[in-house]
Amino acid sequence: MPPSRPARATRAARTTAAVALLLATAVACGDTGALRAAGATPTATSPAKLWPNLSPAASPAYDFDEADTETVKGITVPGDDIHKVDPIAVVRAEIAANPSDYDGSKAPYRGTAERIGDCGKGGDRSACPVLKPYYRDLTGDGRDDLTLGFRLLPTRMTAVRVYTVEKHRLVQVMANDDAVSGVELAGHSVIIRSPSELAGYEYRVQWTWDADQKAMLLTHDEFLRTGGRKHGVRRATPAPPGSPASPTSSSATSPSATP
């Protein structure tokens, strides 16, 4: 049905008023209404492939153990409920399984073994190297997993671990040792921020659960301007063994821990 005469008259009046307003605005601004150039458009360039005859590498130069998992010996999971696992006992189990790292006056993380006793009853809880545990489903199986952090004394590094339950066993699916300024959980990922020697920048690595590997993989390794836009991306290059800044991998929003 065609619009009624009053409707047509109203629309015509509105159109006339709108045109008059636009004309008045154009005159006031001295704008003729012509199109204006936005400037020269940068020429599109395709990626330049370097050294096309270079033979591809058959294996990585460094082994990051991205898909490594480990069953924690001596730890039981009552009712397959990871909340019932004692985090202190988990750290004690790692200390026992890695004597070269924790046992003896020359062990790099001997201070952690010396202070683990403060985590129990009667100890100085302020000196306990184990940080508050966090629980969240990172593997997507509908059950909480355990994200655990503890100080690697006497260094300023922090160990970050993720554990899940598989076939009634506690399994470590991620391990990262580094100088840490913040840790976040997001989706199925753990994001770890580390300080940089370059002022105003930081490193950020992201470990993400991979259902095929049944482990958390290092999926992002970035170098960022703090509080600003992304500056660049780096491929992790291990420092010499024993270096305080060397990441160890055997292995962001919801609860977040900033150790």
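This passage describes the salt bridges, one buried acidic residue and one nonpolar surface patch of a predicted model.

The count of salt bridges in the model comes to seven. One of them joins the side chains of Arg161 and Glu94, with a distance of 2.8 Å from N to O. This pair links distant parts of the chain, since Arg161 lies in strand β4 (residues 157-166) whereas Glu94 belongs to helix α2 (residues 87-97), and the two are 67 residues apart. Both partners lie under the 20% limit that defines a buried residue: Arg161 is buried because its relative accessible area is 4%, and Glu94 likewise counts as buried because its relative accessibility is 12%. The pair is also part of a wider arrangement, in which Glu94, Arg161 and Asp177 are linked in a network of salt bridges.

Two further salt bridges involve residues with other degrees of accessibility. In the bridge between Arg143 and Asp141, the closest N and O atoms are 3.4 Å apart. Arg143 has a relative accessibility of 35% and therefore counts as partly exposed, and Asp141, at 38%, is likewise assigned to the partly exposed residues. Glu202 and Arg193 form another salt bridge, in which the closest N and O atoms are separated by 3.4 Å. Here the two partners fall into separate classes, because Glu202 is buried at 12% relative accessibility, whereas Arg193, with a relative accessible area of 22%, is partly exposed.

Attention then turns to Asp118, which is placed in the loop between α4 (110-115) and β2 (134-136). Although Asp118 is a loop residue, its relative accessibility of 16% means that Asp118 counts as buried. The side chain of Asp118 reaches the backbone nitrogen of Asp124 at a distance of 3.2 Å. When neighbours within four places in sequence are left aside, the residues in contact with Asp118 are Gly123, Asp124, Arg125, Ala127 and Cys128, so that Asp124 appears both in this list of contacts and as the residue whose backbone nitrogen is reached by the Asp118 side chain.

A contrasting case is offered by Trp51, which is found in the loop between α1 (5-29) and β1 (70-76). Trp51 counts as exposed because its relative accessibility is 64%, a value above the 50% limit for that class. Together with Leu50 and Leu54, Trp51 forms a nonpolar patch on the surface, and the accessible area of the three residues together is about 410 Å². Asp118 and Trp51 are thus both loop residues, but Asp118 is buried whereas Trp51 is exposed.

Key. Residues are numbered from 1 along each chain as its sequence is written. This is a predicted model: local features need pLDDT of at least 70, side-chain atom pairs count only at pLDDT 80 or more; totals for chains, interfaces and linings use all residues. Side-chain values use heavy atoms; hydrogens and water are left out. Helices (H or I, at least four residues) and strands (E, at least two) are DSSP runs, numbered from the N terminus. Buried means under 20% relative accessible area, exposed over 50%, partly exposed in between (1.4 Å probe, protein chains only). A polar contact is a pair of N or O atoms within 3.5 Å; within protein, one must be able to donate a hydrogen and the other to accept it, and residues adjacent in sequence count only if both atoms are side-chain atoms. Contact means heavy atoms within 4.5 Å. Patches are made of residues with over 30% relative accessible area and no salt bridge: like charges are joined within 9 Å, nonpolar side chains (Val, Leu, Ile, Met, Phe, Trp, Tyr) within 5 Å. Accessible areas come from the Shrake-Rupley method with a 1.4 Å probe; for residues, only the protein chains shown count as cover. A salt bridge is a side-chain nitrogen of Lys or Arg within 4 Å of a carboxyl oxygen of Asp or Glu.
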